[in-house]
Amino acid sequence: VQTCALPIYISAQRRVNAPAPEGSYHVAELHTHPDFRNRGLGKAALEYAEAQARAEGCATMSLVTTVINPARHLYERQGFDVVEARTDDVYERMTGIPGRCLMVKELS
């Protein structure tokens with residue numbers, strides 16, 4: 001994103017990022033280096049985060065990802081459901097990504 005376009009990008013990003021549910025354990029970012037993908041690291045990181053969430057007494061976990069992120073399959077296998085998806089034309093023009101979605105997992 002070019003510096004002069006940064007305020008426009010930030011505004012568009014705010015429109016596509018749904019807020020985390022109140023009191024949820026929110027996973028802000030989860031990235032795996034491309035050389036180490038498909039080795040169970042993402043799953044292990046989510047399991048660790050879930051253990052932390054349970055230890056803190058959280059009833060839910062949440063994360064925000066792009067609507068086209070292949071890792072959504074991992075999140076769904078780990079029990080996360082899409083509860084809200086947001087798209088924005090400006091965000092898509094600037095990033096090539098239509099939008100983002102909020103995913104939540106109920107901890108029982």
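## A four-stranded sheet and its pocket

Let's start at one side of the sheet: β1 and β2 run parallel and are joined by 3 bridges. Within this pairing, Val-27 sits opposite Leu-63 of β2. Keep in mind that this is a predicted model.

Now for the helices on the sheet. Helix α1, residues 6-16, packs on it and touches β3 and β4 (99-106). The direction of α1 makes about 145 degrees with that of β3. Helix α2 packs on the sheet as well, but its contacts are with β1, β2 and β4. For α2, the angle is taken against β2, and it comes to about 145 degrees. Here are the two helices side by side:

| Helix | Strands touched | Angle between directions |
|---|---|---|
| α1 | β3 and β4 | about 145 degrees with β3 |
| α2 | β1, β2 and β4 | about 145 degrees with β2 |

What about the sheet as a whole? It's an open one with 4 strands, in the order β1-β2-β4-β3, and the pairing is mixed. At the edges you'll find β1 (25-27) and β3 (81-87), each of which pairs on one side only. Going from one strand to the next, the twist averages 20 degrees. As a general reminder, strands in a sheet pair through backbone hydrogen bonds, and they do so either parallel or antiparallel.

Zooming out, the chain has 4 helices and 4 strands. Read from the N terminus, the elements go α-β-α-β-α-β-α-β. Along the principal axes, the C-alpha atoms fill a box of roughly 45 × 35 × 20 Å. Of the 108 residues in the chain, 32% are buried. As for sequence separation, take the contacts between residues at least 6 apart: 70% of them join residues at least 24 apart.

Then there's the pocket side of things. The largest pocket holds about 670 Å³ of space. It is lined by 27 residues, and those closest to its centre are Leu-30, Arg-37, Asn-69, Ala-71 and Tyr-75. Which elements give two or more residues to this lining? They are α2 (41-55), β2 (60-66) and α3 (72-77). So two names from the sheet story come back here: α2 packs on the sheet and touches β2, and α2 and β2 are both among the elements giving two or more residues to the pocket lining. Sorted by class, the lining residues split into 12 nonpolar, 9 polar and 6 charged.

Definitions and conventions: Residues numbered from 1 in each chain as written. Predicted model: local features only at pLDDT ≥ 70, side-chain atom pairs only at ≥ 80, totals over all residues. Heavy atoms only, no water. 1 Å grid on protein atoms, 1.4 Å probe; cavity = no way out; pocket = protein on both sides within 12 Å on 5 of 7 lines; lining within 4 Å. Points joined across faces, edges and corners; volume = space filled by probe spheres on them. Nonpolar A, V, L, I, M, F, W, Y, C, P; charged D, E, K, R; others polar. Pairing = 2+ DSSP bridges. Axes fitted to C-alpha atoms, helices over the stretch in contact; angles between N-to-C directions. Contact = heavy atoms within 4.5 Å. Buried < 20%, exposed > 50% of the residue type's maximum accessible area, 1.4 Å probe, protein only.
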